[in-house]
Amino acid sequence: MARWLNDATGHNITTNDLKVKKMPNPRNIALYPFYKTLKQPFNQFRRKVLLLGFILLGIAIIGTKQELVKAQESKINNQQIAYVSNWQNASFPVENFQGYTSPFGPRGGGFHYGLDLAAPQGSYIRNWWTGKVVEVWEDARCGTGVVIKSGDWEHVYCHLQGGVETHTASRYLVDRAGGIILLQGQVVPAGSRIARVGMTGRTSGPHLHWGLKYGGHWVDPGLILREMYAQQTRNLSSMERR
Ligand SMILES: [Zn+2]
């Protein structure tokens, strides 16, 4: 089994930990009905029905074509983002990882803008990429949350242990039992412990809700993890050959 060594933290992650391949891509789901319409047997229709069908199909194609272009554009963009970036120093975001409990994509009539990573309550969360803490907050949904900005990227962490306090114009996340104080405005290196997995906000079990934005647009974190995994294992095997 290939081991994924996170050099920033010394924390090992195995290939078994990264079963993200089966996660559905919402953009593929959006394309499906378009291909399905092409496969329908039109020869069984009578002329008039056929003509009407063609008109309707024409309208449908114009509509779906626009959607298809839009969907392909965002798909390419996401893949290019993952491909062009260098993820060698990126950190897997959670310790004691147990599994992915909810993927990025449509969920219960809405859209889940992140990836859920289950881990026992109190497990440390590692900063994915060196950046600045731009916001710490508390709300009913995310619970105790943190946003870190690294260039064009923003990474969001939800359901954290502890809460937010303000003292002499500084705002910070505090989790005393975990020895965590994270100041808004602070710069944190990749792989550093920034918080712990908790149950704050709307959650049925301890997990990290991890969201990623590039240039203000949500990106599937599974895509980035796959690319990180590929690059870091490539790097590891080239080190072994030396
Ligand atoms: Zn979530």
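**Exercise 1. Find the strand that holds Leu117, then work out why this residue counts as buried.**

Let's start with the strand: Leu117 sits in strand 6, which covers residues 115-118. Keep in mind that we're working with a predicted model.

Next, the cut-off. A residue is called buried if 20 or more other C-beta atoms lie within 10 Å of its own. Now do the count: Leu117 has 24 other C-beta atoms within 10 Å, so Leu117 is buried.

**Exercise 2. Which residues does Leu117 touch, leaving aside its neighbours within four places in sequence?**

Step one, go through the contacts with lower numbers: Pro93, Val94, Phe97 and Tyr100 are among them. Step two, go up the chain, where Leu117 is in contact with His207, Leu208 and Trp210.

Step three, try a distance. Gln98 is 19 residues from Leu117 in sequence, and their C-alpha atoms are 7.3 Å apart in space.

**Exercise 3. Place Leu117 in the largest nonpolar core, and say which elements build that core.**

First, the core itself: it has 27 residues. The ones with the most contacts inside it are Val94, Leu117, Ile125, Val146, Tyr157, Ala195 and Leu208.

Then look for the elements that give two or more residues to this core: they are strand 6, strand 7 (124-126), strand 8 (131-139), strand 9 (143-150), strand 10 (153-160), strand 15 (193-196) and strand 16 (207-214).

Is there another core to list? Yes: a second, separate one has 9 residues, including Trp128, Val219, Leu223 and Ile224.

Finally, pick Ala195 and check its surroundings. Not counting residues up to four places away in sequence, Ala195 touches Ile125, Val146, Tyr157, Leu160, Gln161, Leu173, Asp175, Ile180 and Leu182.

**Exercise 4. Work out the order of the open sheet that has strand 11, and find its edges.**

Begin with the order: 3 strands line up as 11-12-13, with antiparallel pairing. The edges are strand 11 (163-167) and strand 13 (180-183), since each pairs on one side only. As for the angle, neighbouring strands here are turned by 30° against each other on average, ignoring direction.

Now zoom in on one pair. Strand 11 is joined to strand 12 (residues 170-175) by 5 bridges, and Val164 stands opposite Leu173 of strand 12.

**Exercise 5. Sum up the whole protein chain: how many helices and strands does it have?**

Count the elements and you get 3 helices and 17 strands. For burial, 28% of the 242 residues are buried. For contacts, take those between residues at least 6 apart in sequence: 65% of them join residues at least 24 apart.

How values were computed: Residues numbered from 1 in each chain as written. Predicted model: local features only at pLDDT ≥ 70, side-chain atom pairs only at ≥ 80, totals over all residues. Helix = DSSP H or I, 4+ residues; strand = E, 2+ residues; numbered from the N terminus. Buried ≥ 20, exposed ≤ 12 C-beta atoms within 10 Å, placed from the backbone. Contact = placed C-beta atoms within 7 Å. Pairing = 2+ DSSP bridges. Axes fitted to C-alpha atoms, helices over the stretch in contact; angles between N-to-C directions. Core = buried A, V, L, I, M, F, W, Y, C linked by C-beta atoms within 7 Å.
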